[in-house]
Amino acid sequence: MLLKYHFIFTLIFCIFLFQFIQWWTIAVFFSGFFIDIDHYLYYILKKRNFNLKKAYQCETKPFGRDRLHIFHTIEFYTLIFGLAIFHNFFFFILIGLSFHQLIDIVDVIIFPYKRGWRTNSIYTWINRH
Ligand SMILES: [Zn+2]
């Protein structure tokens, strides 16, 4: 999903959440929106280039194959889940990440032809490369 839509949906979600969790919504918002920084990290790793504009254009192209977006993997979620047991901050980070992942999944269901394919696991990605 495009960043502007992530921003809008995450903001609406956080406005709704604010009445329940007050300032923890900041953690939810930042994790729900900035998780996509991994697209940029992958671009840097793959292209050896730090140009943010080119990275955005490249990552929004359809049909990219086997992309590793590290914050969208089961290993990262497992780590945050484990940390959430010990501290509230990570619990709210996990809520933001889960909301982000939910709208990514809805986007893929609605527009399957627009999206490339990314791995869900660092382990399986490493095994393929
Ligand atoms: Zn995403």
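**Exercise 1. Find which helices the buried residues of helix 6 pack against in this predicted model.**

Solution.
- Start with the buried set. In helix 6 (88–110), Phe92, Ile93, Ile95, Gly96, Leu97, Phe99 and His100 are buried.
- Now look for their partners. These buried residues pack against helix 1, helix 2 and helix 5 (74–86).
- Take one residue as an example. Leaving out residues up to four places away in sequence, Phe92 touches Ile21, Trp24, Ala27 and Val28.

**Exercise 2. Check the length of helix 6 against its expected span.**

Solution.
- Helix 6 has 23 residues.
- The expected span is 1.5 Å times one less than the number of residues.
- That gives 33 Å for helix 6.
- The end C-alpha atoms of helix 6 are 33 Å apart, so the two values agree.

**Exercise 3. Describe how helix 5 and helix 6 pack.**

Solution.
- Two packed helices are described by the angle between their axes and the distance between the axes.
- For helix 5 and helix 6, the angle is about 145° and the axes are 7 Å apart.
- The crossing of this pair is left-handed.
- Next, list the residues that meet. Helix 5 brings Tyr77, Ile80, Phe81, Leu83 and Ala84, and helix 6 brings Phe90, Phe91, Ile93, Leu94 and Leu97.
- Sort them by class. The contact has 10 nonpolar residues, no polar and no charged ones.

**Exercise 4. Identify the largest nonpolar core and the helices that build it.**

Solution.
- The largest nonpolar core has 12 residues: Phe13, Cys14, Ala27, Val28, Phe29, Phe33, Ile35, Phe92, Ile93, Ile95, Leu97 and Phe99.
- Helix 1 (3–21), helix 2 (25–34) and helix 6 each give two or more residues to this core.
- Helix 6 supplies the largest share, 5 residues.
- In soluble globular proteins, nonpolar side chains tend to be buried together.

**Exercise 5. Place Gln22 and Arg48, and say whether each is buried or exposed.**

Solution.
- Most residues other than glycine have a negative phi.
- Gln22 has a positive phi, near 45°. Gln22 sits in the loop between helix 1 and helix 2.
- Gln22 has 9 C-beta neighbours inside 10 Å, so it counts as exposed.
- Arg48 also has a positive phi, about 55°. Arg48 lies in the loop between helix 3 (37–47) and helix 4 (52–59).
- Arg48 has 7 C-beta neighbours inside 10 Å, so it counts as exposed.

**Exercise 6. Locate Asn120 and name its contacts.**

Solution.
- Asn120 lies in the loop between helix 6 and helix 7 (122–128).
- With 14 other C-beta atoms within 10 Å, Asn120 is partly exposed.
- Not counting residues up to four places away in sequence, Asn120 touches Thr73 and Ile74.

Methods: Residues numbered from 1 in each chain as written. Predicted model: local features only at pLDDT ≥ 70, side-chain atom pairs only at ≥ 80, totals over all residues. Core = buried A, V, L, I, M, F, W, Y, C linked by C-beta atoms within 7 Å. Buried ≥ 20, exposed ≤ 12 C-beta atoms within 10 Å, placed from the backbone. Helix = DSSP H or I, 4+ residues; strand = E, 2+ residues; numbered from the N terminus. Contact = placed C-beta atoms within 7 Å. Axes fitted to C-alpha atoms, helices over the stretch in contact; angles between N-to-C directions. Left-handed = near helix turned anticlockwise from the far one by under 90°. Nonpolar A, V, L, I, M, F, W, Y, C, P; charged D, E, K, R; others polar.
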